[in-house]
Amino acid sequence: MEMSEDDNNMEEYPTEIHDYLTAFEKSLGSVDEMLKTMMSVSRNELLQKLDPLEQAKLDLVSVYTLNSMFWVYLATQGINPKEHPVKQELERIRTYMNKVKEIADKKKASKLDKGAASRFVKNALWEPNAENEHNSKTSAKGKKQQRD
(Lines give C-alpha, C1' and ligand atoms only; values in the text may rest on other atoms or scores of the structure.)
Protein backbone atom coordinates (compact mmCIF):
# COMPACT_ATOMS: atom_id res chain seq x y z
CA MET A 1 0.00 0.00 0.00
CA GLU A 2 1.44 3.32 -1.05
CA MET A 3 1.18 6.53 0.94
CA SER A 4 -0.12 9.64 -0.72
CA GLU A 5 2.15 12.68 -0.89
CA ASP A 6 0.08 14.48 1.79
CA ASP A 7 0.44 11.57 4.23
CA ASN A 8 4.16 11.50 3.57
CA ASN A 9 4.46 15.26 4.25
CA MET A 10 2.50 14.92 7.51
CA GLU A 11 5.13 12.55 8.84
CA GLU A 12 8.01 14.90 7.98
CA TYR A 13 7.27 17.48 10.68
CA PRO A 14 6.62 17.07 14.39
CA THR A 15 3.04 16.87 15.62
CA GLU A 16 3.66 19.91 17.87
CA ILE A 17 3.90 22.07 14.76
CA HIS A 18 0.57 20.71 13.58
CA ASP A 19 -0.93 21.60 16.98
CA TYR A 20 0.49 25.12 16.79
CA LEU A 21 -0.86 25.59 13.27
CA THR A 22 -4.29 24.36 14.33
CA ALA A 23 -4.32 26.77 17.29
CA PHE A 24 -3.14 29.59 15.00
CA GLU A 25 -5.93 28.86 12.54
CA LYS A 26 -8.47 28.87 15.36
CA SER A 27 -7.11 32.22 16.61
CA LEU A 28 -7.36 33.71 13.13
CA GLY A 29 -11.00 32.63 13.05
CA SER A 30 -11.60 34.41 16.36
CA VAL A 31 -9.90 37.57 15.11
CA ASP A 32 -11.99 37.42 11.94
CA GLU A 33 -15.20 37.16 13.99
CA MET A 34 -14.20 40.09 16.22
CA LEU A 35 -13.33 42.24 13.22
CA LYS A 36 -16.67 41.45 11.58
CA THR A 37 -18.47 42.40 14.80
CA MET A 38 -16.48 45.61 15.14
CA MET A 39 -17.02 46.59 11.52
CA SER A 40 -20.76 45.89 11.66
CA VAL A 41 -21.21 49.16 13.60
CA SER A 42 -20.12 52.40 12.01
CA ARG A 43 -17.14 54.07 13.65
CA ASN A 44 -19.03 57.34 14.21
CA GLU A 45 -21.94 55.50 15.83
CA LEU A 46 -19.56 53.64 18.10
CA LEU A 47 -17.58 56.76 19.06
CA GLN A 48 -20.76 58.68 19.96
CA LYS A 49 -21.47 56.14 22.70
CA LEU A 50 -18.00 56.50 24.26
CA ASP A 51 -16.39 59.25 26.32
CA PRO A 52 -13.10 60.72 25.01
CA LEU A 53 -10.93 58.42 27.14
CA GLU A 54 -12.79 55.34 25.89
CA GLN A 55 -12.49 56.64 22.32
CA ALA A 56 -8.72 56.92 22.75
CA LYS A 57 -8.57 53.38 24.14
CA LEU A 58 -10.57 52.04 21.19
CA ASP A 59 -8.37 53.82 18.65
CA LEU A 60 -5.17 52.62 20.32
CA VAL A 61 -6.34 49.01 20.56
CA SER A 62 -7.42 49.11 16.91
CA VAL A 63 -4.15 50.48 15.60
CA TYR A 64 -2.13 48.17 17.87
CA THR A 65 -4.07 45.17 16.58
CA LEU A 66 -3.54 46.14 12.95
CA ASN A 67 0.18 46.65 13.47
CA SER A 68 0.45 43.35 15.34
CA MET A 69 -1.26 41.59 12.46
CA PHE A 70 1.20 43.22 10.07
CA TRP A 71 4.02 41.97 12.33
CA VAL A 72 2.68 38.43 11.94
CA TYR A 73 2.32 38.92 8.19
CA LEU A 74 5.96 40.00 7.92
CA ALA A 75 7.04 36.95 9.89
CA THR A 76 5.08 34.65 7.56
CA GLN A 77 6.84 36.26 4.60
CA GLY A 78 10.27 35.52 6.06
CA ILE A 79 10.94 39.16 6.98
CA ASN A 80 12.30 39.82 10.46
CA PRO A 81 9.75 42.26 11.97
CA LYS A 82 12.28 43.29 14.64
CA GLU A 83 14.28 45.00 11.91
CA HIS A 84 11.22 46.61 10.30
CA PRO A 85 9.75 50.06 11.14
CA VAL A 86 6.63 48.29 12.45
CA LYS A 87 8.59 47.58 15.65
CA GLN A 88 9.04 51.31 16.36
CA GLU A 89 5.39 51.90 15.55
CA LEU A 90 4.27 49.26 18.06
CA GLU A 91 6.54 50.80 20.70
CA ARG A 92 5.11 54.26 19.98
CA ILE A 93 1.56 52.95 20.32
CA ARG A 94 2.48 51.16 23.56
CA THR A 95 3.78 54.48 24.94
CA TYR A 96 0.43 56.13 24.23
CA MET A 97 -1.43 53.17 25.71
CA ASN A 98 0.56 53.64 28.92
CA LYS A 99 -0.28 57.36 28.96
CA VAL A 100 -4.00 56.60 28.57
CA LYS A 101 -3.72 54.01 31.36
CA GLU A 102 -2.10 56.61 33.66
CA ILE A 103 -4.92 59.05 32.93
CA ALA A 104 -7.54 56.37 33.63
CA ASP A 105 -5.78 55.40 36.87
CA LYS A 106 -5.66 59.04 38.01
CA LYS A 107 -9.34 59.36 37.23
CA LYS A 108 -10.11 56.31 39.39
CA ALA A 109 -7.89 57.45 42.28
CA SER A 110 -9.68 58.89 45.26
CA LYS A 111 -9.67 62.65 45.55
CA LEU A 112 -8.00 64.30 48.52
CA ASP A 113 -10.04 66.84 50.45
CA LYS A 114 -7.21 69.23 51.31
CA GLY A 115 -9.26 71.16 53.86
CA ALA A 116 -10.25 68.03 55.76
CA ALA A 117 -6.71 66.68 55.59
CA SER A 118 -5.19 69.86 57.01
CA ARG A 119 -7.77 69.95 59.83
CA PHE A 120 -7.03 66.32 60.62
CA VAL A 121 -3.28 66.90 60.75
CA LYS A 122 -3.66 70.10 62.77
CA ASN A 123 -5.87 68.38 65.37
CA ALA A 124 -3.68 65.30 65.49
CA LEU A 125 -0.52 67.24 66.29
CA TRP A 126 0.20 68.28 69.86
CA GLU A 127 0.29 72.01 70.33
CA PRO A 128 1.68 73.24 73.63
CA ASN A 129 -0.31 76.01 75.20
CA ALA A 130 1.46 79.03 76.67
CA GLU A 131 1.42 77.66 80.24
CA ASN A 132 2.93 74.30 79.31
CA GLU A 133 5.42 76.01 77.08
CA HIS A 134 6.61 78.22 79.97
CA ASN A 135 6.88 75.26 82.38
CA SER A 136 8.80 73.16 79.89
CA LYS A 137 11.28 76.01 79.28
CA THR A 138 11.95 76.53 82.98
CA SER A 139 12.29 72.81 83.65
CA ALA A 140 14.69 72.56 80.73
CA LYS A 141 16.75 75.43 82.19
CA GLY A 142 16.73 73.75 85.60
CA LYS A 143 17.98 70.52 84.13
CA LYS A 144 20.65 72.40 82.23
CA GLN A 145 21.81 74.14 85.43
CA GLN A 146 21.87 70.84 87.31
CA ARG A 147 24.17 69.34 84.70
CA ASP A 148 26.65 72.23 84.96
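## Helices α4 and α5

The buried residues of helix α4 pack against α5, and this pairing is a useful place to start reading the structure, which is a predicted model. The reverse view agrees, since what covers the buried residues of α5 includes α4.

Some background on the whole chain helps to place these two helices. The protein chain holds seven helices and zero strands, and when it is read along the sequence its pattern is α-α-α-α-α-α-α. Confidence varies along the model: the mean pLDDT of the protein chain is 80, with 77% of its residues reaching 70 or more. Helix α1, residues 5–10, has the lowest confidence, at a mean of 51, whereas α5 has the highest, at 94. Of the 148 residues in the protein chain, 7% are buried. The chain exposes about 13,100 Å², and 57% of that area is supplied by carbon and sulfur atoms. Among the contacts in the protein chain with a separation of 6 or more, 49% join residues that lie 24 or more positions apart.

Helix α4 has 25 residues and reaches 36 Å from its first C-alpha to its last, which is close to the 36 Å expected at 1.5 Å a residue. Helix α5 can be checked in the same manner: its 23 residues should span 33 Å at 1.5 Å a residue, and because its end C-alpha atoms are 33 Å apart, the model agrees with that expectation. Just after α4, glycine 78 takes a positive phi of about 85°.

Which residues of α4 are buried? They are Leu53, Leu60, Asn67 and Leu74. In α5, the buried residues are Val86, Leu90, Ile93, Val100 and Ala104. In soluble globular proteins, nonpolar side chains tend to be buried together. In this model the largest nonpolar core has five residues, namely Leu53, Leu60, Ile93, Val100 and Ala104. The elements that give two or more residues to this core are α4, residues 52–76, and α5, residues 86–108, and the largest share, three residues, comes from α5.

Two of the buried residues of α4 show what this packing looks like from the side of a single residue. Once its neighbours within four places in sequence are left aside, leucine 53 is in contact with Val100, Ile103, Ala104 and Lys107, and of these partners Val100 and Ala104 are members of the largest nonpolar core together with Leu53 itself. Asparagine 67, which also has its place in helix α4, counts as buried because its relative accessibility is 14%, under the 20% limit for that class. With its neighbours within four places again left aside, asparagine 67 is in contact with Val86, Glu89, Leu90 and Ile93; among these, Val86, Leu90 and Ile93 are themselves buried residues of α5.

Other residues of α4 are partly exposed, and two of them can be related to residues earlier in the sequence. Methionine 69, placed in helix α4, has a relative accessible area of 33% and is therefore partly exposed. Apart from its neighbours within four places in sequence, methionine 69 is in contact with Val31 and Leu35. Methionine 69 and valine 31 are 38 residues apart in sequence, and their C-alpha atoms are 9.9 Å apart in space. Serine 62 likewise lies in helix α4 and is partly exposed, with a relative accessible area of 23%. The C-alpha atoms of serine 62 and methionine 38 are separated by 9.9 Å, although the two residues are 24 residues apart along the chain.

Helix α4 also carries an aromatic feature. How many aromatic pairs does the structure hold? It holds one. Phenylalanine 70 and tyrosine 73 form this pair, which is stacked, with 6.1 Å from centre to centre and 25° between the planes. An α-helix has 3.6 residues a turn, so residues three or four places apart point the same way. Because phenylalanine 70 and tyrosine 73 are three residues apart in helix α4, they are separated by about one helical turn. Are these two rings on buried or partly exposed residues? Phenylalanine 70 counts as partly exposed at 34% relative accessibility, and tyrosine 73 is partly exposed too, with a relative accessible area of 47%.

Terms used
Residues numbered from 1 in each chain as written. Heavy atoms only, no water. Core = buried A, V, L, I, M, F, W, Y, C linked by side-chain atoms within 4.5 Å. Buried < 20%, exposed > 50% of the residue type's maximum accessible area, 1.4 Å probe, protein only. Helix = DSSP H or I, 4+ residues; strand = E, 2+ residues; numbered from the N terminus. Contact = heavy atoms within 4.5 Å. Phe/Tyr/Trp six-rings, centres within 6.5 Å; stacked < 30°, edge-to-face > 60°. Areas by Shrake-Rupley, 256 points an atom, 1.4 Å probe, with all protein chains shown as cover. pLDDT = per-residue confidence, 0-100. Expected span 1.5 Å × (residues − 1).
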